[in-house]
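Biologist: I should be grateful for a close look at the nonpolar core of this chain and at the helices that build it. Please set that part in the context of the whole chain.

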Amino acid sequence: MRKKKGGFLSLPVLAVILMMGFVYYATVFVVLGDWLGLGSSPGLVNAVIFSWFAFMCFVSFFVAAFTDPGGIPSSFAPEMEDPQREHGVNSRYCGKCRLYKPPRSHHCRVCKRCVLKMDHHCVWISNCVGYGNYKPFIIFVFHAAIASIYSMVIFTCDIFQKDHHFDGMSPKLFYISFGSIMVFLSLTLGSLLCWHLYLLAHNLTTIEYREAVRAKWLAKKTGQNYRHPFDLGVYNNLALILGPNMLKWLCPIAMSHLRDGTQFPISND
């Protein structure tokens, strides 16, 4: 696993870390403890399950943040007789970096360099999301979304299944604030997960999706059909990004299947 170059700590990153810590503490030691009690078997089981999701959130977050998304190899040079040119996949020249960049690479204005298979620059991990760290990023989003929804379910059960008698304004404000935060996180992270699952299934990046929308419009205008050249089918797309071993799909550090990120298989359709 390659290490990211540059700084890590920033206000958005600290905000994410503090939020994860707050949600974990409030869910397990306040809401779940009040609803089932951590000393009971159901309470302990739910605490262990939620702790696993929280642990995977922390691990995948730090892996995505500290892993280099992938820079252009110094030895890279476009091949004059590249067979991928037949599918409209070409290397392009970056005037800012003053070098040729492989297909699917883009220049990041924040990182000030070209990133392999760039998806977007994420301020919440203070890093670009690209070829080298897209897998731990999607695993982080997956576990964060599931944990948020799980926490929301625990909160809802506690509210409706227990007769609360709040003494003073502090407990009321806490429950209102926590409930509002979990509704927001569940909707936001759930939507983000659905979006990236769609991209994952079609082997698209966020940038390529925008390009594909225009390409489809132009193809339809000329009476042609458009298909993303890197779309190999759902399973092959998943295996290409998450790895060939399904048992390691949710392991954020299992990235030995990644190559140099300068070439990608093309669909024959």
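**The core and its helices**

Modeller: The chain contains 6 helices and 6 strands, and their order along the sequence is α-α-β-β-β-β-β-β-α-α-α-α. The model is a predicted one. Its C-alpha trace spans about 75 × 45 × 35 Å along the principal axes. Of the 269 residues in the chain, 44% are buried. Among contacts with a separation of 6 or more, 66% join residues that stand 24 or more positions apart.

The part in question is the largest nonpolar core, which has 47 residues. Within this core, the residues with the most contacts are Phe-61, Ile-125, Tyr-134, Phe-137, Phe-140 and Leu-242. Two or more residues are given to the core by each of α1 (11-35), α2 (41-66), α3 (134-161), α4 (169-202) and α6 (234-242). The largest share comes from α3, with 13 residues. Apart from this core lies another, of 11 residues, including Val-63, Tyr-131, Phe-230 and Ile-266.

Tyr-134 merits separate attention. Residues up to four places away in sequence being left aside, Tyr-134 touches Asp-119, Val-129, His-196, Leu-199, Leu-200 and Ile-241.

The packing of α3 against α1 comes next. Two packed helices are described by the angle between their axes and the distance between the axes. For α1 and α3, the axes come within 10 Å and cross at roughly 30 degrees. The crossing in which α1 passes α3 is left-handed. On the α1 side, the contact is made by Val-16, Met-20, Val-23, Thr-27, Val-31, Leu-32, Asp-34 and Trp-35. On the α3 side, Phe-140, Ser-151, Ile-154, Phe-155, Cys-157, Asp-158 and Gln-161 take part. Sorted by class, this contact has 10 nonpolar, 3 polar and 2 charged residues. Phe-140 thus appears both in the contact with α1 and among the core residues with the most contacts.

Phe-140 also leads to α2, the helix in which Ser-60 lies. Ser-60 touches Phe-140, together with Pro-136, Ile-139 and Pro-252, when residues up to four places away in sequence are not counted. Ser-60 has a relative accessible area of 0%, and is therefore buried, the limit being under 20%. The side chain of Ser-60 reaches the backbone oxygen of Cys-57 at 3.3 Å.

Two lysines in the strand region complete the picture. Most residues other than glycine have a negative phi. Lys-112, although not a glycine, has a positive phi of about 60 degrees. Lys-117 is likewise not a glycine and has a positive phi, of about 45 degrees. Lys-112 is found in the loop between β3 (106-108) and β4 (113-115), whereas Lys-117 lies in the loop between β4 and β5 (120-122). Lys-112 is exposed, because its relative accessible area of 66% is over 50%. Lys-117, by contrast, is buried, because its relative accessible area of 10% is under 20%.

Terms used:
Residues are numbered from 1 along each chain as its sequence is written. This is a predicted model: local features need pLDDT of at least 70, side-chain atom pairs count only at pLDDT 80 or more; totals for chains, interfaces and linings use all residues. Side-chain values use heavy atoms; hydrogens and water are left out. A nonpolar core is a set of buried Ala, Val, Leu, Ile, Met, Phe, Trp, Tyr and Cys residues joined through side-chain atoms within 4.5 Å. Buried means under 20% relative accessible area, exposed over 50%, partly exposed in between (1.4 Å probe, protein chains only). Helices (H or I, at least four residues) and strands (E, at least two) are DSSP runs, numbered from the N terminus. Contact means heavy atoms within 4.5 Å. Axes are lines fitted to C-alpha atoms, for helices over the stretch in contact, and angles run from 0 to 180 degrees between N-to-C directions. A crossing is left-handed if the near helix is turned anticlockwise from the far one by less than a right angle, and right-handed if clockwise. Ala, Val, Leu, Ile, Met, Phe, Trp, Tyr, Cys and Pro count as nonpolar, Asp, Glu, Lys and Arg as charged, and the others, Gly among them, as polar. A polar contact is a pair of N or O atoms within 3.5 Å; within protein, one must be able to donate a hydrogen and the other to accept it, and residues adjacent in sequence count only if both atoms are side-chain atoms.
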